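Q: I have a structure open and I'd like to learn how to read it. Can we go through it together?

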Amino acid sequence: MLDDLDRRILRNLQSDPAQSIPDLGDRLGVSTSRLTRRLDKLRETGVLRGQQAVINWRALGYAVEVSLRVTLDKTQTRAFDDFIEAARGIPEVIEIQTFLGRVDVRLSVIARDMAHYQQIYRAGILTLPHIADIEALMHVARIKSDEGLPL
């Protein structure tokens, strides 16, 4: 279970993950060594999985995002494993999610433009194994994208 200090640490890291440990300790009113022990504990228990750089792929020239809903041929025993392994090999696939229901997998695909997307779709997506059906949804706007938790 998280105590008040753990929640304050996580809230502060969510709002500014690049801050240094001494700065965070000063902000929270705890010593660097105590804060380091708490961070280690949060990592060991799997609550804190690490820090990562969030790259704005639009700033790198990727203007198109497409969500592909894929239904797999589940008569094949390795359909999920084979599909996911192959999909991981397409660099423009930035997210893979699996579901229960009519749709089995959702892929989030980015491309520089529609011509580039068409190339990815034909040369990469359509060659993925065990596809029974595929539906493409063109991304128009991201209304909310927040992984922060109400701590």
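A: Sure! We'll start with a definition: a salt bridge is a side-chain nitrogen of Lys or Arg within 4 Å of a carboxyl oxygen of Asp or Glu. Keep in mind that this is a predicted model.

Q: How many salt bridges does that rule give here?

A: The general idea is that side chains of opposite charge can pair when their charged atoms come close. In this model, the count comes to 10 salt bridges.

Q: Which residue forms a salt bridge with Arg38?

A: That's Asp3, with the closest N and O atoms 2.9 Å apart. Arg38 sits in helix H3 and Asp3 in the segment before helix H1 (4-15), so this pair ties together parts that are 35 residues apart in sequence.

Q: Is Arg38 buried or exposed?

A: Buried means under 20% relative accessible area. Arg38 has 15%, so it counts as buried, while Asp3, at 32%, is partly exposed.

Q: What about a pair inside one helix, Asp4 and Arg8: how far apart are the closest N and O atoms?

A: For that salt bridge they are 3.6 Å apart. Both residues lie in helix H1, 4 residues apart, which is about one turn of the helix.

Q: And at what angle do the axes of helix H2 and helix H3 cross?

A: At roughly 105°, and they come within 9 Å. Angles of 65 to 115 degrees count as roughly perpendicular, so H2 is roughly perpendicular to H3. Residues making the contact include Leu24 and Leu28 of H2 and Leu35 and Leu39 of H3. The contact residues divide into 6 nonpolar, 3 polar and no charged.

Conventions:
Residues numbered from 1 in each chain as written. Predicted model: local features only at pLDDT ≥ 70, side-chain atom pairs only at ≥ 80, totals over all residues. Heavy atoms only, no water. Axes fitted to C-alpha atoms, helices over the stretch in contact; angles between N-to-C directions. Helix = DSSP H or I, 4+ residues; strand = E, 2+ residues; numbered from the N terminus. Parallel < 35°, antiparallel > 145°, perpendicular 65-115°, else oblique. Contact = heavy atoms within 4.5 Å. Nonpolar A, V, L, I, M, F, W, Y, C, P; charged D, E, K, R; others polar. Buried < 20%, exposed > 50% of the residue type's maximum accessible area, 1.4 Å probe, protein only.
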